[in-house]
Amino acid sequence: MNRIYLERHDPDQNMHRFYQMFVSPGLDGDWSLVREWGRVGSPGTVRKDWFDTEPEALEAAGKVFDAKKKKGYRVIIEKLIS
């Protein structure tokens with residue numbers, strides 16, 4: 001999957017947020033969706049959600065991605081990772 005990094009800026013509200021995510025294999029054949037979010041320039045909050053298969057994790061990532069784009073986040077970096 002691609003590592004996706006998004007940002008949302010609204011200077012009027014002093015809002016400068018980031019959101020990044022990627023899908024990673026686990027040790028037991030499971031898959032995780034790793035997400036990190038917070039204020040640009042500061043450490044973020046990290047969350048891992050576990051799934052039985054890669055397609056399930058990718059589907060969840062797609063849903064999160066769509067929700068963030070609807071809220072006004074813009075893709076800054078989309079990088080292929082292996």
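These legends describe close-up views of side-chain contacts in a predicted model.

**View 1. Surroundings of glutamine 20 in strand 2.** Strand 2 spans residues 15-25 and includes glutamine 20. With a relative accessibility of 17%, glutamine 20 is classed as buried. Its side chain makes a polar contact of 2.8 Å with the side chain of glutamate 36. Leaving aside residues up to four places away in sequence, glutamine 20 is in contact with Arg3, Ile4, Tyr5, Val34, Arg35 and Glu36.

**View 2. Salt bridge between arginine 35 and aspartate 49.** The closest N and O atoms of this pair are 2.6 Å apart. Arginine 35 belongs to strand 3 (residues 31-39) and aspartate 49 to strand 4 (residues 45-51), so the salt bridge ties together parts 14 residues apart in sequence. Arginine 35 and aspartate 49 are both buried.

**View 3. Salt-bridge network of Arg35, Arg47 and Asp49.** Aspartate 49 also forms a salt bridge with arginine 47, at 3.0 Å from N to O. The relative accessible area of aspartate 49 is 17%, which is under 20%, so the residue counts as buried. Arginine 47, in contrast, is partly exposed at 43%.

**View 4. Salt bridge between lysine 63 and glutamate 59 in helix 1.** Helix 1 covers residues 54-70, and within this helix the two residues are 4 residues apart, about one turn. Their closest N and O atoms lie 3.5 Å apart. Lysine 63 has a relative accessibility of 55% and is therefore exposed, whereas glutamate 59, at 49%, is partly exposed. The structure has 3 salt bridges in total.

Technical notes. Residues are numbered from 1 along each chain as its sequence is written. This is a predicted model: local features need pLDDT of at least 70, side-chain atom pairs count only at pLDDT 80 or more; totals for chains, interfaces and linings use all residues. Side-chain values use heavy atoms; hydrogens and water are left out. Buried means under 20% relative accessible area, exposed over 50%, partly exposed in between (1.4 Å probe, protein chains only). A polar contact is a pair of N or O atoms within 3.5 Å; within protein, one must be able to donate a hydrogen and the other to accept it, and residues adjacent in sequence count only if both atoms are side-chain atoms. Contact means heavy atoms within 4.5 Å. A salt bridge is a side-chain nitrogen of Lys or Arg within 4 Å of a carboxyl oxygen of Asp or Glu.
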